[in-house]
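Biologist: Could you walk me through one part of this model? I'd like a close look at the cysteines and the ligand site.

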Amino acid sequence: MSLNLRELSKRSQGLAPGHRACAGCGIPVLVRLLLAVAPDPPVVVNATGCLEVVSTIYPYSAWPVPWLHNAFENAAATASGVEAAARALFARGRIRRVPKVVAIGGDGGTYDIGLQSLSGAIERGHDFLYICYNNEGYMNTGIQRSSATPPGARTTTTPVGAHGRGKLEPRKDLTEIVVAHGVRYAAQASISHWGDLAKKLQKALATPGPTFLNVLTPCQPGWDYPPEDLVEIARLAVETRYWPLYEVADGRYRLTFTPRPPLPVRAWLERQGRFRHLLDDPEAVERFQAWVDANWDRLTARLK
Ligand SMILES: Cc1ncc(C[n+]2csc(CCOP(=O)(O)OP(=O)(O)O)c2C)c(N)n1
């Protein structure tokens, strides 16, 4: 299928206008692209979180496809059940095709609370795509830290003041945890690089068995930037090597975009209120840069 933007925009209206996502939220960009590139309407299983809250305010739904809400911790388990049920119905001639099942959860639902069900569903080999929309925090409940929150970030549970300078711990590398399960396709993407994201969505949907995408979706209230800067903030995460775009297909690592030359990570930090306290502390910015560089070196050592 063509990845021409004009063609894509004709394909699907995606999420209906009127959903209640914040101005400057990255999640609708991702969901619209998913629904535009999916060759057939998928069944979407959605963990509790911003996406569920803003798209299904009773009695309305912004979803043009079958959609299930499930608890925070079991999106992948629910997806397993839907996929198994669809295969059984198909085998009995009750449905004409087995729909692709797409589970979507935030980083809180994926890196933290839903990790066991994700791991289990992957290990059992269910045919589904899991998408983590990663806004690096528990955003819909009031901006608490998650294990995807970067070090130094201000959240309501890692405040900045006399007793705190933001989050102390580094971020968990969930993409690598998923890769370690031996999935046939896993990738990191960003809403700023829509062509790259669209290709990864297509590949993940076309690969049988469990597949995984970790997509950076900036959060306006949580990261504290002007709403119109959404795409620019996501782009800077990639250009500074903070969020490398790569894929692992059948065990082979490939960078899908190489920032040349990479920008210093400060260019990304200084555009967000959650890092404002770091900017007058050169050592803190250096530590952050060293962390980004070490992650990049670890990743590029795996390229073949
Ligand atoms: C087991 C459980 N713990 C806590 C909650 C409360 N809760 C609902 S949404 C949410 C945060 C979700 O964070 P994330 O998955 O990152 O999604 P986001 O809100 O950022 O979209 C929490 C803590 C819950 N519903 N279930």
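Biologist: To start with, is C22 buried, partly exposed or exposed?

Modeller: Sure, and keep in mind that this is a predicted model. C22 is partly exposed, with a relative accessible area of 44%. C132, on the other hand, is buried, and its relative accessible area is 0%. Neither one is bonded to another cysteine: the structure holds 0 disulfides. For C22, the nearest cysteine sulfur belongs to C25 and sits 6.2 Å away. A disulfide needs two cysteine sulfur atoms within 2.5 Å, so that pair doesn't count. For C132, the nearest cysteine sulfur is that of C50, 12 Å away.

C50 takes us to the ligand. There, 17 residues surround the ligand, and C50 is listed among the closest, along with G108, G109, Y133 and G137. Sorted by class, that shell has 6 nonpolar, 9 polar and 2 charged residues. Helix 5, which covers residues 107-113, gives the largest share of the shell, with 4 residues.

Now for the backbone atoms that meet the ligand's oxygens. G137 has a polar backbone atom 2.9 Å from an oxygen atom of the ligand. M139 puts a backbone N or O atom 3.0 Å from a ligand oxygen, and for D107 a backbone N or O atom is 3.4 Å from one. As for how much of the ligand ends up covered, on its own the ligand has 590 Å² of accessible area, and the protein covers 74% of that.

Technical notes. Residues numbered from 1 in each chain as written. Predicted model: local features only at pLDDT ≥ 70, side-chain atom pairs only at ≥ 80, totals over all residues. Heavy atoms only, no water. Buried < 20%, exposed > 50% of the residue type's maximum accessible area, 1.4 Å probe, protein only. Near = heavy atom within 4 Å. Polar contact = N/O pair within 3.5 Å; in protein donor to acceptor, adjacent residues only side chain to side chain. Areas by Shrake-Rupley, 256 points an atom, 1.4 Å probe, with all protein chains shown as cover. Helix = DSSP H or I, 4+ residues; strand = E, 2+ residues; numbered from the N terminus. Nonpolar A, V, L, I, M, F, W, Y, C, P; charged D, E, K, R; others polar.
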